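Here's a quick tour to read with the structure open beside you. Take it one bullet at a time, and try to find each spot yourself as you go.

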Amino acid sequence: QAQFVESGGGSVQPGGSLRLSCAASGFTTEHYAIGWFRQAPGKEREGVSCISGRGISSNYSDSVKGRFTVSRDNAKNTVYLQMNSLKPEDTAVYYCAARVLSVLYRTCDNAVADDFVYWGRGTQVTVTE
């Protein structure tokens, strides 16, 4: 069964850093763009970042641009999200998924959440004093 397992979350103070990992099992990720999403309590799920299948291109939401960096190691079937300068508003459960349901599956171009599958259970990130 194809799925992702997210890890690396935790509780940090504002200004701190975390590195999230997104490990795939049951399928090979290298052909697909991988997206990171988050959902805070009482809020809609939002896209955070996306990285293309070959890792050549990536994009970020305005709220994390300049603070978060996405990367991938296709040999390990794993995608990472380095989060620096964390803010309380970054508190959320973070998920990753693969852009399988799109003809543009290798890229992040015009990606929407409905393009993505194999959602993991997420990892909690809490930023608080």
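Below you'll find the overall build, then the pocket, then a handful of residues worth finding.

Keep in mind that this is a predicted model. The chain has 10 strands and zero helices, and the largest pocket holds about 160 Å³ of space. The residue notes cover where each one sits, how exposed it is and, for some, what it touches.

**The overall build**

- Walk along the sequence and you'll meet β-β-β-β-β-β-β-β-β-β.
- Is the chain's radius of gyration what you'd expect of a compact globule? What the rule gives for 129 residues is near 14 Å, and the chain has 14 Å, so the two agree.
- Along its principal axes, the C-alpha trace spans about 40 × 25 × 25 Å.
- How much of the chain is buried? Buried residues account for 43% of the 129.
- On the outside, the chain exposes about 6700 Å², with carbon and sulfur atoms supplying 46% of that area.
- Now think about contacts between residues at least 6 apart in sequence: 58% of these join residues at least 24 apart.

**The largest pocket**

- This pocket has about 160 Å³ of space. It is lined by 15 residues, and G47, S49, C50, N59 and A111 are the closest to its centre.
- Three strands each supply at least two lining residues: β4 (34-39), β5 (46-51) and β6 (58-60).
- Which strand gives the most to the lining? That's β5, with four residues.
- As for chemistry, the lining has 10 nonpolar residues, five polar ones and no charged ones.

**Two residues with a positive phi**

- Some background first: most residues other than glycine have a negative phi.
- N77 has a phi near 55°, which is positive even though the residue is not a glycine. Look for N77 in the loop between β7 (68-73) and β8 (78-83).
- Is N77 buried or exposed? Its relative accessible area is 14%, and buried means under 20%, so N77 is buried.
- S85 also has a positive phi without being a glycine, this time near 50°. You'll find S85 in the loop between β8 and β9 (92-98).
- S85 has 39% relative accessibility, so it counts as partly exposed.

**R54 and T69**

- R54 sits in the loop between β5 and β6. With 71% relative accessibility, and exposed meaning over 50%, R54 counts as exposed.
- What does R54 touch, leaving aside neighbours within four places in sequence? It is in contact with E30 and N74.
- R54 and H31 are 23 residues apart along the chain, and their C-alpha atoms are separated by 7.3 Å.
- T69 belongs to strand β7. Its relative accessible area is 44%, so T69 is partly exposed.
- Leaving aside neighbours within four places in sequence, T69 is in contact with Y60, Y80, L81 and Q82.
- The C-alpha atoms of T69 and M83 are 6.6 Å apart, with their positions 14 residues apart along the chain.

**Two spots in the loop between β9 and β10**

- A113 is in the loop between β9 and β10 (123-127). At 24% relative accessibility, A113 counts as partly exposed.
- Try tracing from A113 to G35: they are 78 residues apart in sequence, but 8.5 Å apart in space, C-alpha to C-alpha.
- Not counting residues up to four places away in sequence, A113 touches F37, R45 and W119.
- S102 is also placed in the loop between β9 and β10. Here the relative accessibility is 15%, so S102 counts as buried.
- How far apart are S102 and Q82 in space? From C-alpha to C-alpha it's 26 Å, for a pair 20 residues apart in sequence.

Note on methods:
Residues numbered from 1 in each chain as written. Predicted model: local features only at pLDDT ≥ 70, side-chain atom pairs only at ≥ 80, totals over all residues. Heavy atoms only, no water. 1 Å grid on protein atoms, 1.4 Å probe; cavity = no way out; pocket = protein on both sides within 12 Å on 5 of 7 lines; lining within 4 Å. Points joined across faces, edges and corners; volume = space filled by probe spheres on them. Nonpolar A, V, L, I, M, F, W, Y, C, P; charged D, E, K, R; others polar. Rg over C-alpha atoms; globule rule 2.2 N^0.38 Å. Buried < 20%, exposed > 50% of the residue type's maximum accessible area, 1.4 Å probe, protein only. Contact = heavy atoms within 4.5 Å. Areas by Shrake-Rupley, 256 points an atom, 1.4 Å probe, with all protein chains shown as cover.
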